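The following exercises concern the metal sites of one protein chain. Please work through each task before reading its solution.

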Amino acid sequence: MPSGKGMTNTHAVDAALEAMPYGLCVWSEDLTLQVFNSRYAWTFGLASDALAAGMSLRECCRAVIEAGNYFGYSVDELYEAMIGRFERQKRQEAPTQYEQFLRDRSIRTTYTNRPGVGWLVTHEDITDANDHLTALSKREADLARQAMRFETAVDNMAHGLCMIDADHKLVICNANYANLYELPDHLQRPGTLLTDILDYRFENGMRPKEGPMAFLHRRVRTISEGKRSVDICEFENGQVISVIHQPMEDGGWVETHQDITEQRRSEARIHHLARHDALTDLPNRTLFAEEMAMAESRIRRGEMMAVVCFDLDHFKVINDTLGHAVGDALLQQVAARINYAKREHECAARLGGDEFAILAGPLRSPSDAAALAERLIATISKPMEIEGHRVIIGTSVGVAVAPTDGEDGETLMKNADLALYRAKGDGRGNYRFFEKGMDAAMQRRRAIESGLKLGLIRDEFKLVFQPLMELESNRISCMEALLRWEHPEMGFISPVEFIAVAEEIGFIVQLGEWVLQQACRVAATWPSDIRVAVNLSPVQFKSRRLLESVERALDEAGLPASRLELEITESVLLSDSDQTLETLHTLRAMGIRISMDDFGTGYSSLSYLRAFPFDKIKIDRSFIEDVGSKDANFEIIKAVIALGRSLGMSTTAEGVETEAQLDAVRAHGCDEIQGFLFSRPLPEKDALELVTRLSPRPAIGAQRSYA
Ligand code: C2E
Ligand code: CA
Ligand code: CA
């Protein structure tokens with residue numbers, strides 16, 4: 001390899017020169033090439049022998065230009081430039097460096113001036129280093145861009161974000177995180193200790209509801225578990241924050257913090273709405289059922305509880321007459337009174353309409369429940385002032401006590417309902433405890449309710465006829481039509497039972513019309529001096545169809561009105577309206593006779609006798625029953641008979657079963673008797689036979705019992 005032979009010849013120096021990773025040349029002060037290595041020639045694309053020690057600068061410039069370097073430069077121009085460089089370098093001690101492109105390579109050239117020696121010039125190929133550098137700076141730029149993107153993303157996140165390292169120091173947090181906890185600037189800096197942040201949060205109004213210690217314990221557990229987790233943190237100031245914890249591989253973690261206070265509030269609102277009645281804000285059926293389910297376990301543990309069901313008496317009337325606004329306001333006032341009557345922790349619910357229930361307990365004894373029922377009845381029935389109306393409403397209450405009357409919610413509710421039903425049946429405004437058998441009674445009632453209509457279609461109803469005997473003439477004056485129902489499964493059902501049900505469900509109107517028709521039809525087959533008596537229910541009486549159906553029954557049967565007697569009870573006159581009296585007068589004007597049935601069983605029987613001119617008073621069986629005994633009620637019977645006489649009304653003694661009773665009522669001047677002594681109610685055929693056989697004038701002494 002060529003080498004600076006003029007300066008040294010040792011092989012070691014040659015080898016060192018050649019081993020250098022850069023091109024090197026040394027120029028003497030008179031600008032002659034002294035030493036160079038082959039890398040120097042290579043730098044300019046020159047063959048090794050194109051240069052030689054001792055060449056002048058101009059010769060070298062020529063070789064360099066001819067090899068195609070410094071495109072556009074002439075040899076002279078290059079030479080001048082080089083001279084300038086050497087001159088400048090001569091005036092300064094520190095080497096100068098510049099980069100140039102030679103043959104697509106980046107070359108860093110360094111000039112060093114060595115006084116007394118000349119110039120040392122090195123050419124270092126930095127292409128690869130440069131490439132590396134560009135790559136580096138590109139990566140740096142990318143990273144910076146990424147970091148910027150990341151920061152923008154982090155700062156624009158809807159949630160608060162913080163990254164904590166394994167030493168529990170803050171790596172980064174976003175603006176939302178800082179805002180959420182109102183962190184001052186110095187606590188947002190990377191490196192801040194997490195405990196400092198937490199301490200600040202606790203002191204700055206964000207104390208955890210569970211207390212700082214419990215809160216920290218929980219957080220520490222989360223961190224040590226090293227798993228992703230979601231935690232809901234509630235603070236004393238009412239704020240609720242959901243924290244998602246995400247561990248990182250290096251022992252640190254990232255958390256997002258979301259303020260869910262509002263969301264929680266609306267969830268709570270929805271939860272409340274779903275479990276409360278919108279009008280009264282009392283718990284609704286759903287919440288009541290939940291409370292009940294919880295109570296079941298308490299009952300199983302031996303606590304005594306009670307389900308108290310109640311509804312308002314005749315609430316519908318208020319709604320219908322005063323309007324729904326008043327009805328709603330009333331329910332709200334009632335709700336307030338219920339809350340007042342119950343104990344604070346007890347659940348009082350509105351189950352719908354005017355139905356309410358209280359889950360009461362624990363009780364010391366059932367009398368606690370009775371006291372609650374009494375309180376409810378007393379507070380609810382106090383007068384209310386609603387939109388200028390003075391309203392009084394009563395309530396009926398049913399009570400089922402656990403565990404005696406049931407251990408599960410469903411049974412208790414059902415039994416309390418049955419008791420409520422009984423309370424209503426017993427005249428409303430009172431309370432009843434559940435009793436065994438109410439269930440069966442209810443089932444029976446339901447069966448009757450659903451069987452009535454079908455019974456009429458299937459022809460299950462029959463009329464029987466019981467004679468009324470005129471004492472003076474010893475002849476049958478009248479036959480009372482009494483309804484019979486033989487249910488296909490339940491067998492014989494007393495009219496006392498099914499007529500009450502028919503009245504309650506309004507079916508009595510239809511059933512009563514059928515009785516009227518049948519009674520008139522049958523009576524038309526009897527001797528013309530025998531009347532038929534038909535019982536009318538008060539419900540039937542309120543129906544506008546009554547007059548019309550009476551007329552039609554008479555017409556269809558071809559029976560004169562004078563052969564029909566209608567028996568009504570005092571309750572018809574209870575609603576002593578002009579309408580009632582008018583109907584009664586109309587019926588009477590048609591020639592129909594009107595009897596007062598069951599006289600003496602009501603509250604003010606006597607006063608009703610003045611309200612309407614009845615044709616007949618039927619003294620109730622209960623007075624006749626006593627006649628044989630020692631505390632016999634002759635005085636009452638005597639008084640009634642006398643009163644009837646003075647008012648021009650005849651009297652009939654019901655339920656005469658013994659000779660003694662017969663003798664007694666006859667002695668006191670009774671006009672008629674009815675009872676088993678003379679005859680039980682008879683089927684249509686037997687009744688016909690009786691009236692034809694005994695007509696006219698049987699001797700009552702010889703014809704006692706026919707039944
Ligand atoms: P009520 O109108 O007082 O009918 C008389 C009831 O007394 C009948 O009972 C009859 O069988 C019974 N009875 C008659 N004599 C004696 C006696 O000597 N001793 C005893 N212990 N009882 C006697 P029944 O047929 O069971 O009817 C009961 C009630 O059912 C009737 O009482 C009446 O209020 C009602 N009812 C019956 N049929 C009808 C009907 O077609 N329409 C209406 N609205 N009610 C009816
Ligand atoms: Ca009767
Ligand atoms: Ca009667």
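**Exercise 1.** Determine whether E567 is buried or exposed in this predicted model.

*Solution.* Step 1: a residue counts as buried when its relative accessible area is under 20%. Step 2: the relative accessibility of E567 is 1%, so E567 is buried.

**Exercise 2.** Identify the protein donors of the calcium ion (ligand 2) and state how they are spaced in sequence.

*Solution.* Step 1: the donors are E480 (OE), N535 (OD1), E567 (OE) and D597 (OD), at 2.1 to 2.3 Å from the ion. Step 2: along the sequence, these donor residues follow the spacing E-x54-N-x31-E-x29-D. Step 3: distant parts of the chain are thereby linked, since E480 belongs to strand β19 (residues 475-487) and E567 to strand β22 (residues 564-568), 87 residues apart. Step 4: E480 has a relative accessible area of 6% and is therefore buried.

**Exercise 3.** Identify the protein donors of the calcium ion (ligand 3) and give their spacing.

*Solution.* Step 1: D597 (OD), D598 (OD) and E654, which is listed with OE twice, supply the donors, lying 1.9 to 2.8 Å from the ion. Step 2: the spacing along the chain is D-D-x55-E.

**Exercise 4.** Establish which residue bridges the calcium ion (ligand 3) and the calcium ion (ligand 2), and how far apart the ions lie.

*Solution.* Step 1: D597 coordinates both ions. Step 2: the two ions are 3.9 Å apart. Step 3: with a relative accessible area of 7%, D597 is buried, whereas D598, at 26% relative accessibility, is partly exposed.

How values were computed. Residues numbered from 1 in each chain as written. Chains lettered and ligands numbered in written order. Predicted model: local features only at pLDDT ≥ 70, side-chain atom pairs only at ≥ 80, totals over all residues. Heavy atoms only, no water. Donors = N, O, S within 2.8 Å, 3.2 Å for Na, K, Ca; no water. Helix = DSSP H or I, 4+ residues; strand = E, 2+ residues; numbered from the N terminus. Buried < 20%, exposed > 50% of the residue type's maximum accessible area, 1.4 Å probe, protein only.
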